[in-house]
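Biologist: Before I build on this model, could you take one part and walk me through it closely? I would like the charged pairs first and then the place where the chains meet, with every cut-off stated.

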Amino acid sequence: MSPLKLRITSDPANLAEVRQDVEKFCAACGFDEESSGQIVLCVNEALANVTRHAYRGATDRPVHLDAEFGDGLLQIAIRDWGRGGTPPDRLPPRDPLQPGGVGLVCLRKLMDRVEFTPQPDGMLLTMERRLGERRHG
Amino acid sequence: MDNSITGTDLIPAARKEGDALVLSIRGELDLHNSPTLRVDLMSLLNRAQPKRLMLDMAQVPYMDSSALAVLVEVLKRMLKSNGRVFLVGLQPRVQGLLEIARLVSIFTVCKDEQEALAM
């Protein structure tokens with residue numbers, strides 16, 4: 001199966017099209033609708049965090065998304081060239097009525113593996129989700 | 001008496017029902033349009049000053065955390081004036097996000113408008 005390669009800017013106007021592309025890719029991999037929706041949500045939240053935090057709201061900066069699937073494992077890499085920090089491995093308890101943090105909660109709960117790897121000029125986020133393993137919020 | 005209120009692209013239908021403001025929201029909600037959703041909701045709240053706010057989400061197939069933050073801001077504003085917020089007709093992906101964010105029990109979730117209006 002051919003990998004998915006998206007080269008976009010950090011403009012949130014791109015999110016809807018990216019969601020469609022990732023959803024189609026997940027369906028082609030064999031993920032059911034619920035799992036595809038969870039993966040799409042994680043990609044959306046990761047990209048939104050890139051715009052908000054790594055690029056401080058700038059909408060014209062580069063973002064690369066690469067997804068590949070093999071041996072039942074979906075791997076998604078999101079690369080930015082911004083100034084975002086590495087989130088902690090364990091998230092502190094959050095007050096649901098306080099803003100922020102929901103995106104990272106989604107990643108940690110809905111993906112099997114999430115890794116932020118700082119780069120000399122930005123960040124590489126790698127997420128994995130195995131086919132057939134259901135995750136619950 | 002005409003209780004309809006001029007809507008917007010994201011909130012095409014808005015009306016008063018007693019002390020309730022009933023709003024239908026439409027479309028996928030994400031970081032791109034959640035700032036507009038916030039402005040629209042706050043403007044309608046300022047005009048109507050409702051005791052109860054019902055958000056019909058049946059035409060919202062997808063929502064991300066930025067839109068969820070708008071709903072939480074609206075909820076906090078309503079709670080300040082002892083108001084209530086009802087979320088109606090949640091689609092599975094929207095419901096899923098609310099569950100992950102542990103907000104299902106903080107909003108009042110109803111299956112349809114009739115159930116919300118009867119509460």
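**Charged pairs, the interface and one helix**

Modeller: Arg113(A) has a relative accessibility of 31% and therefore counts as partly exposed, where buried means under 20% relative accessible area, exposed over 50% and partly exposed in between, computed with a 1.4 Å probe on protein chains only. Its partner Glu128(A), at 14%, counts as buried. The two form a salt bridge in which the closest N and O atoms are 3.2 Å apart, a salt bridge being a side-chain nitrogen of Lys or Arg within 4 Å of a carboxyl oxygen of Asp or Glu. This pair links distant parts of the chain, 15 residues apart, since Glu128(A) lies in strand S5 (residues 122-130) of chain A and Arg113(A) in strand S4 (residues 113-119) of chain A; helices (H or I, at least four residues) and strands (E, at least two) are DSSP runs numbered from the N terminus.

This is a predicted model, in which local features need pLDDT of at least 70 and side-chain atom pairs count only at pLDDT 80 or more, while totals for chains, interfaces and linings use all residues. Residues are numbered from 1 along each chain as its sequence is written, chains are lettered from A and ligands numbered from 1 in the order in which they are written, and side-chain values use heavy atoms, with hydrogens and water left out.

Over all chains, the salt-bridge rule gives a count of 13. In chain B, Arg15(B) pairs with Glu17(B), with the closest N and O atoms 2.9 Å apart; Arg15(B) is partly exposed at 28%, and Glu17(B) is also partly exposed, at 32%. Lys111(B) and Glu115(B) form a salt bridge at 3.5 Å, N to O, with Lys111(B) exposed at 64% and Glu115(B) partly exposed at 29%. In chain A, salt bridges with shared partners join Lys5(A), Arg7(A) and Asp66(A) into one network.

Turning to the interface, 20 residues of chain B are in contact (heavy atoms within 4.5 Å) with 27 residues of chain A. The two chains bury about 1900 Å² between them, 60% of it on carbon and sulfur atoms, buried area being the accessible area (1.4 Å probe) that two parts lose on being put together, summed over both. On the chain B side, Leu31(B), Arg93(B) and Ile100(B) lose the most area to chain A, together 33% of what that side buries. The rule finds 3 salt bridges across this interface, one of them between Glu28(B) and Arg19(A) at 2.6 Å, N to O. There are also 7 residue pairs in polar contact across it, both residues at pLDDT 80 or more; a polar contact is a pair of N or O atoms within 3.5 Å, and within protein one must be able to donate a hydrogen and the other to accept it, residues adjacent in sequence counting only if both atoms are side-chain atoms. H2 and H3 of chain B each supply at least two residues of the side that touches chain A, and H2(B) gives the largest share, 6 residues.

Helix H2 (residues 65-80) of chain B has 16 residues, which at 1.5 Å a residue should span 22 Å, and its end C-alpha atoms are 22 Å apart, so the two agree; the expected span is 1.5 Å times one less than the number of residues. Its buried residues include Leu68(B), Leu71(B), Leu75(B) and Met78(B). Among the elements covering the buried residues of H2(B) are helix H2 (33-54) and helix H3 (102-110) of chain A and strand S5 (84-88) of chain B. Just after H2(B), Asn82(B) takes a positive phi of about 60 degrees.
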